Amino acid sequence: MKRIISFFMAFILVFSLSGCANAEENTSIDEISEVTADSYSNSENIAELELVLQIDSSVMTVNGEETEIDSAPIITEGRTLVPIRAIIEAIGGSINWNSDTQTAELTYNSNTIGLTIDSSTAYFNETPSELDVAPKVVNERIMLPIRFIAENFEFDVEWDSENQYIIITKDSKNTAETDEIASADTVEAAESNSDSKETGNILIAYFSRADENYNVGVIEKGNTEIIAELIAEETGGYLFKIERTTPYPENYDECTEEAQREKQENARPELVSPIESIEDYDIIYLGYPIWWGDMPMAVYTFMESYDFTGKTIVPFCTNEGSGISSTVSSISEKCPGADVTEGFAIRGTTAQNSQDEARAAVIQWLEELNLN
């Protein structure tokens, strides 16, 4: 398994100053250089959604309301770097980062953008396009091209060079036109998932291991990760992969020896990176494989790292016949004050080899839970 991008696990958009100034379809820098954040917020031409960020400021304005963001926009080598997670959540979208394939998937309403590190090919609803700038990793941060994202999600991006503002807007007229041409099926699907996708209060934290596995051989994506992604598709939740700082060996026998030793020692292995803010989430889906009737020790590290009081924890697992075992009661013990629901168990072979069957089982389980 490729190592996940560590440290803050922060997603960043890259915005080209020269590209914005020279592109014919965008407002020029000279035309907007007199604009300030206040004038955007008080403009007579009111946008449906308006985000204003400023270089070196950790405050983002959303429709005139200030909110703290985890990292301030910066300018480096002629490009403006903007924190993507804060922006995507502010517009009601979601992010899925796949460390194995080095792919970022951004979802907004019924549209999806897929980008891969160091690849100039991007996908909008599975249709390929060539990018002027390929996504890349700079200082352990993932840089994504803002122009492609903004245009496909139908947002406008402007740069105020005098005040160093980045202004991202969504015109209500454009939104109305988009709604009119949307199909009935798309509208119905959006409405059915609107609560979970708009609130952004759902976290899907999971531990999963690829490489050589029992019953399924050498795999590129872990069984539990497949189920976590299915849950994310249905709920709009934010995916977070629980990973040890030192990955397990790729060989199955070597991995089991190390994992058994951890279990015998009741170890708490160090994890790659923390959740940015656990307080942002009310519902937490917690996923893991069953190893010798228990959760991997890394999951215990995760549970003991946060206060889950007042939150709803929904366990799910993959196994090869043991079911969910006693892990639900273990979660309740480690997370006092949380409401822990009944768990969901599915065979890893089903997740890996019969994904239509796995999807149907996940959908049925979520409908029975009725949490969204």
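A residue counts as buried under 20% relative accessible area, exposed over 50%, and partly exposed in between. With that in hand, welcome to this predicted model. Gln 164, at 31% relative accessibility, therefore falls in the partly exposed class. This briefing starts from that residue, moves along the strand that follows its loop, and ends in the nonpolar cores.

**Two residues with positive phi**

- Most residues other than glycine have a negative phi.
- Gln 164 has a positive phi, near 60°, and is found in the loop between strand 14 and strand 15.
- That loop belongs to a hairpin of the two strands, with 4 residues between them.
- Glu 154 also has a positive phi, near 65°.
- You can find Glu 154 in the loop between helix 5 (146–152) and strand 14.
- Glu 154 has a relative accessible area of 37%, so this residue is partly exposed.

**Strand 15 and its partners**

- Strand 15 covers residues 165–170, and 6 of its 6 residues are buried.
- In a regular strand the side chains alternate between the two faces of the sheet.
- On one side of strand 15 sit Tyr 165, Ile 167 and Thr 169, all buried.
- On the other side, Ile 166, Ile 168 and Lys 170 are buried too, which leaves both faces of the strand covered.
- Strand 14 (residues 156–160) pairs with strand 15 in the antiparallel sense, over 5 bridges.
- Within that pairing, Asp 156 has Thr 169 as its bridge partner.
- Strand 2 (residues 49–54) also runs antiparallel to strand 15, and 6 bridges join the two.
- To place strand 2 by eye, look for Leu 51, which stands opposite Ile 168.

**The nonpolar cores**

- The largest nonpolar core has 62 residues, and Leu 286 and Phe 302 have the most contacts inside it.
- Helix 11 (residues 297–303) gives the most to this core, with 6 residues.
- A second, separate core has 21 residues, including Leu 230, Ile 283, Val 314 and Phe 316.
- Setting aside residues up to four places away in sequence, Leu 286 touches Ala 205, Ile 242, Val 299, Phe 302 and Met 303, among others.
- Leu 286 also touches Ile 313, Val 314, Pro 315, Phe 316 and Ile 331, again not counting residues up to four places away in sequence.

Notes. Residues are numbered from 1 along each chain as its sequence is written. This is a predicted model: local features need pLDDT of at least 70, side-chain atom pairs count only at pLDDT 80 or more; totals for chains, interfaces and linings use all residues. Side-chain values use heavy atoms; hydrogens and water are left out. A nonpolar core is a set of buried Ala, Val, Leu, Ile, Met, Phe, Trp, Tyr and Cys residues joined through side-chain atoms within 4.5 Å. Buried means under 20% relative accessible area, exposed over 50%, partly exposed in between (1.4 Å probe, protein chains only). Contact means heavy atoms within 4.5 Å. Two strands pair if DSSP finds at least two bridges between them.
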